[in-house]
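Dear colleague,

Please find below the sequence and the structure for your consideration. I would be grateful if you would look at them before reading on.

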Amino acid sequence: SQAAEPFKIGLIIPMTGPFASTGKQIEAAARLYMQQNGDEVAGRKIELIVKDDGGVQPEATKRIAQELVVQDKVGVLAGFGLTPLAFATAPIATQSKTPMVVMAAGTSSIVQKSPYIVRTSMTLPQVTAPMGQWAAKEGGIKSAVTLIADYGPGHDAEKAFVKNFSEAGGKVLDSLRVPMQNPDFSPFLQRVRDLKPDALFIFVPSGQGSTLMKQFTERNLAGQGIKLIGTGDVLDDDLLPAMGDEALGIITSQHYSTAHDSPENKAYVEAFRKMTNNSMRPNFMSVGGYDGMHLIYEALKKAGPNANGDQLLAAMKGMKWVSPRGPMQIDPETRDVVQDIYIRRSERLADGQIYNVEFDVIKEFKDPGI
Ligand code: DHB
């Protein structure tokens with residue numbers, strides 16, 4: 001008899017281009033998961049096929065997904081570094097009945113684009129709502145300006161911040177949107193300087209935080225008494241080691257920090273650093289990849305090694321586990337991630353590096369939508 005075909009996972013991520021850090025983080029984490037858990041599940045060999053989509057052309061991502069389904073016969077599609085790439089690929093998942101595990105993209109509506117989509121990253125309303133409330137209630141911030149990347153996750157972050165901050169008594173003076181590709185924040189930061197709010201709320205996608213921090217510092221907004229706050233994407237753990245004192249004392253909200261204090265995370269960070277020869281720190285994108293692999297492995301164990309797409313999807317719904325980020329689960333109704341959201345302050349720790357140190361938590365928080 002013939003040996004069974006391997007179960008193939010098609011991982012489509014940006015490994016080149018402006019969002020290459022997202023792909024590198026996810027790939028390293030996926031390979032770490034396989035190193036730790038083996039390349040066989042319930043007797044069936046697992047094959048990871050990594051494809052670089054460059055991160056900026058939705059049609060390229062869609063075409064790669066189509067090829068993976070038709071030619072490689074993958075059992076699962078995974079990755080999706082940015083929202084437009086996930087949107088473009090959703091019809092392929094639906095037509096081919098292939099589970100599509102979104103490991104990075106964060107626009108709330110993504111899970112509605114196909115009944116085969118399951119998400120292990122985060123949603124921007126999920127991460128932002130607690131920040132808006134914290135700023136007004138605990139942060140002593142009375143007025144704010146929002147500045148976001150002008151596409152799906154930015155729009156979600158803007159709406160969620162304005163709603164939650166306003167309902168908690170804060171006043172939003174203006175909402176600014178900066179082009180998502182090659183952004184120049186300077187003219188927008190000048191406008192913020194003129195408006196002089198208590199705080200500037202920021203969302204930029206992973207990879208753009210350094211440019212934002214540099215231009216925020218050049219304009220000396222902190223010297224004008226304007227506090228920077230945001231989602232954790234701006235103080236991404238991937239970029240923090242290269243930032244200086246300007247990145248200290250900043251409050252952000254997110255679902256993952258390299259500094260998350262748990263035995264699971266200590267083991268994860270140590271193994272990740274070892275596997276990448278200490279060249280990078282695991283960030284929130286990495287756990288999206290690591291947990292996505294966990295979800296696929298566990299679904300195969302539960303549904304059996306020869307399960308079809310519908311059976312795997314059914315096994316994924318309601319799955320619950322302890323991630324390096326903390327406890328998480330897949331909502332069986334929405335197929336979206338339910339997780340703890342932390343409020344963090346950036347501090348220099350004993351190793352001399354800056355980390356996002358969690359000091360408050362909103363437990364088992366679902367995407368509130370927008
Ligand atoms: C998305 C991309 C990011 O790099 C990020 O940090 C958050 C969201 C997105 O495109 O959905």
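The findings are set out below, beginning with the chain and then turning to the ligand.

Please note that the model is predicted. The protein chain is divided into two parts: domain 1, comprising 7-122 + 261-335, and domain 2, comprising 125-254 + 342-365. Taken over C-alpha atoms, the centres of domain 1 and domain 2 are separated by 27 Å. Where the domains meet, 26 residues of domain 2 are in contact with 23 residues of domain 1.

Both domains also contribute to the surroundings of the ligand, with at least three residues of the shell coming from each of domain 1 and domain 2. In total, 15 residues surround the ligand, and the closest are Thr83, Gly106, Tyr151, Ser206 and Asp233. By class, this shell consists of nine nonpolar, five polar and one charged residues.

Three polar contacts of the ligand may interest you, each involving an oxygen atom of the ligand. For Asp233, a polar side-chain atom lies 2.5 Å from such an oxygen atom. For Tyr151, a polar side-chain atom lies 2.7 Å from an oxygen atom of the ligand. Ser206 takes part through its backbone instead, with a polar backbone atom 2.9 Å from a ligand oxygen atom. On its own, the ligand has 290 Å² of accessible area, and the protein covers 100% of that area. The space that the ligand takes is the largest cavity.

With kind regards

Definitions and conventions
Residues are numbered from 1 along each chain as its sequence is written. This is a predicted model: local features need pLDDT of at least 70, side-chain atom pairs count only at pLDDT 80 or more; totals for chains, interfaces and linings use all residues. Side-chain values use heavy atoms; hydrogens and water are left out. A residue is near a molecule or strand if one of its heavy atoms lies within 4 Å of it. A polar contact is a pair of N or O atoms within 3.5 Å; within protein, one must be able to donate a hydrogen and the other to accept it, and residues adjacent in sequence count only if both atoms are side-chain atoms. Accessible areas come from the Shrake-Rupley method with a 1.4 Å probe; for residues, only the protein chains shown count as cover. On a 1 Å grid over the protein atoms alone, a cavity is a set of points where a 1.4 Å probe fits but cannot get out, and a pocket is an open set with protein on both sides within 12 Å along at least five of seven lines; lining residues have an atom within 4 Å of a point. A molecule sits in a cavity or pocket if more than half of its atoms lie within 2 Å of its grid points. Ala, Val, Leu, Ile, Met, Phe, Trp, Tyr, Cys and Pro count as nonpolar, Asp, Glu, Lys and Arg as charged, and the others, Gly among them, as polar. Domain bounds come from an automatic or database domain assignment. Contact means heavy atoms within 4.5 Å.
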